[in-house]
Amino acid sequence: MGEVAAAATTLFDRLDAIPPLAAEERQLCESVRALARDRIAPAAAAHDRSAAFPWDNVKAINALGLNAMFVPEAYGGAGLSYAAYLACVREISRACASTGIIWATNFHAVKPLVDSGSEEQKRRLLPRVAEGALGALAITEADAGSDATGMTTRFAPEGDTVVVTGGKSFITNGDVADLTLVFGKWAGLGDGRDAISALYLEKGTPGLVVLRKEEKMGHRASSTAALAFEACRVPRANVLGRPGGGLPLLLAALNKSRPSVAAHALGIARAAFEDAILYINERRQSGRRIVEFQGIQFLLADLATDLAMCEAWLWHVARLVDGGAADIGPEASMLKMRASDLAMRIATEAVQLHGGYGYCLDYRVERLMRDAKITQIWEGTNQIHRQLIGRSFIAKG
Ligand SMILES: Cc1cc2nc3c(=O)[nH]c(=O)nc-3n(C[C@H](O)[C@H](O)[C@H](O)COP(=O)(O)OP(=O)(O)OC[C@H]3O[C@@H](n4cnc5c(N)ncnc54)[C@H](O)[C@@H]3O)c2cc1C
């Protein structure tokens with residue numbers, strides 16, 4: 001590699017050294033990096049083409065015991081830091097965005113249980129997660145997307161059970177999950193925000209129907225399912241928190257899942273940037289390497305600077321969470337919004353820098369561009385994040 005690429009390597013090595021990881025966490029991240037490089041990345045194009053769920057990757061991830069990192073030791077896990085978790089999400093997503101979001105979704109579904117579950121629920125459910133159970137987080141409905149509080153899924157208590165009726169749209173892992181955290185409204189508490197409640201629905205519950213799996217532009221190997229709940233009977237013991245206490249749980253869950261989807265987007269961004277640098281250091285036109293044209297260098301300067309700033313902010317947010325900061329809403333929104341806009345921008349420029357070859361399947365940048373798009377839409381669209389950030393500056397009157 002030439003001098004330019006060597007400088008980029010130093011830059012990114014230094015960025016990768018920012019997260020304050022313990023020695024065993026660094027070691028684990030190294031194992032994940034090796035798995036991503038040697039097994040997950042080489043299979044990513046085939047998974048994208050077939051759109052088949054990557055069970056081989058899930059098995060390999062579970063062979064490393066990776067779910068254990070977000071389950072506390074007392075419940076059969078390893079209880080590692082949030083920074084270590086984000087580093088692993090980014091590494092897996094850099095190799096295969098579909099596999100990255102499948103694994104990250106396990107965390108999104110389970111973190112509310114770790115933070116707010118009862119002792120009995122944690123003892124019963126968390127060891128299964130640590131051993132590799134798949135999770136799903138079901139908030140969105142056909143008519144309740146950006147405004148999730150418009151959800152109409154109903155939880156009707158009946159003795160020791162809760163009868164769940166309704167449906168959810170676009171649920172990542174929805175058809176394969178062992179444990180799905182479902183948000184709905186508690187019957188008898190009205191239709192407002194105060195009725196929002198949460199419960200864990202277990203795989204195989206009668207009445208849980210997978211209506212369809214979406215055909216998607218990107219993330220083709222991750223499954224995205226429309227679910228129907230046809231009077232599913234769920235043990236009352238699976239209700240998370242109190243009836244009507246779901247909205248704070250939902251907001252807390254999003255505060256932890258948004259940095260996670262940002263780490264995922266930054267994995268895509270890093271892969272696209274690296275591919276572009278490699279290509280333009282090789283490809284020659286008009287007797288020069290593409291990287292030697294000043295117009296291209298100005299573009300690289302902007303992309304690399306934004307990527308470096310955004311990655312530094314990722315570790316800032318990780319430090320806040322690991323330090324126990326209470327409300328990280330605005331910081332998490334800034335991170336999610338900027339990381340996903342940047343992933344889309346870098347992936348699009350990477351295609352451009354590959355010229356016509358970038359538009360063809362021989363190079364993975366076209367896949368990275370397709371994979372990047374959804375990061376601006378899920379976990380709150382970027383329009384919604386702009387509103388959340390802007391609104392946070394309104395003084396309380
Ligand atoms: C591949 C994929 C995976 C997903 N995984 C999950 C999952 O695991 N769990 C889950 O619960 N959901 C999931 N989702 C759903 C996702 O979070 C929603 O699609 C997203 O929140 C947007 O909702 P919507 O699609 O209904 O769009 P809408 O809310 O209908 O928005 C349409 C457009 O209007 C804009 N808009 C809406 N309201 C406003 C406003 N107030 N101001 C300005 N603009 C506005 C939006 O930004 C958007 O551009 C997934 C979606 C996809 C496609």
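**After α8**

I looked first at what comes after helix α8 and found G324, with a positive phi near 85 degrees. I note here that the model is predicted.

**Length of α8**

I then checked the span of α8, which covers residues 294-322. For its 29 residues, at 1.5 Å a residue, I expected 42 Å. The C-alpha atoms at the two ends are 42 Å apart, so the helix agrees with that expectation.

**α4 against α5**

Next I looked up how α4 (residues 82-95) and α5 (residues 97-116) pack. Their axes lie 6 Å apart, at an angle of about 155 degrees. I therefore put α4 down as roughly antiparallel to α5, since angles over 145 degrees count as such.

I listed the residues that meet. From α4 they are Y82, Y85, C88, V89, I92, S93 and A95. From α5 they are A97, T99, G100, W103, A104, F107 and H108. I sorted the residues of this contact into 10 nonpolar and four polar, with no charged ones.

**Cysteines**

How many disulfides does the structure hold? I found zero.

C88, already listed in the contact with α5, was my next check. Its closest cysteine sulfur is that of C29, at 4.0 Å, which is too far for a bond, because a disulfide needs the two sulfur atoms within 2.5 Å. I also noted that C88 counts as buried, at 1% relative accessibility.

C310 is in no disulfide either, and the nearest cysteine sulfur, again that of C29, is 19 Å away. Is C310 buried or exposed? At 4% relative accessibility, I recorded C310 as buried.

Methods: Residues numbered from 1 in each chain as written. Predicted model: local features only at pLDDT ≥ 70, side-chain atom pairs only at ≥ 80, totals over all residues. Heavy atoms only, no water. Axes fitted to C-alpha atoms, helices over the stretch in contact; angles between N-to-C directions. Helix = DSSP H or I, 4+ residues; strand = E, 2+ residues; numbered from the N terminus. Parallel < 35°, antiparallel > 145°, perpendicular 65-115°, else oblique. Contact = heavy atoms within 4.5 Å. Nonpolar A, V, L, I, M, F, W, Y, C, P; charged D, E, K, R; others polar. Buried < 20%, exposed > 50% of the residue type's maximum accessible area, 1.4 Å probe, protein only. Expected span 1.5 Å × (residues − 1).
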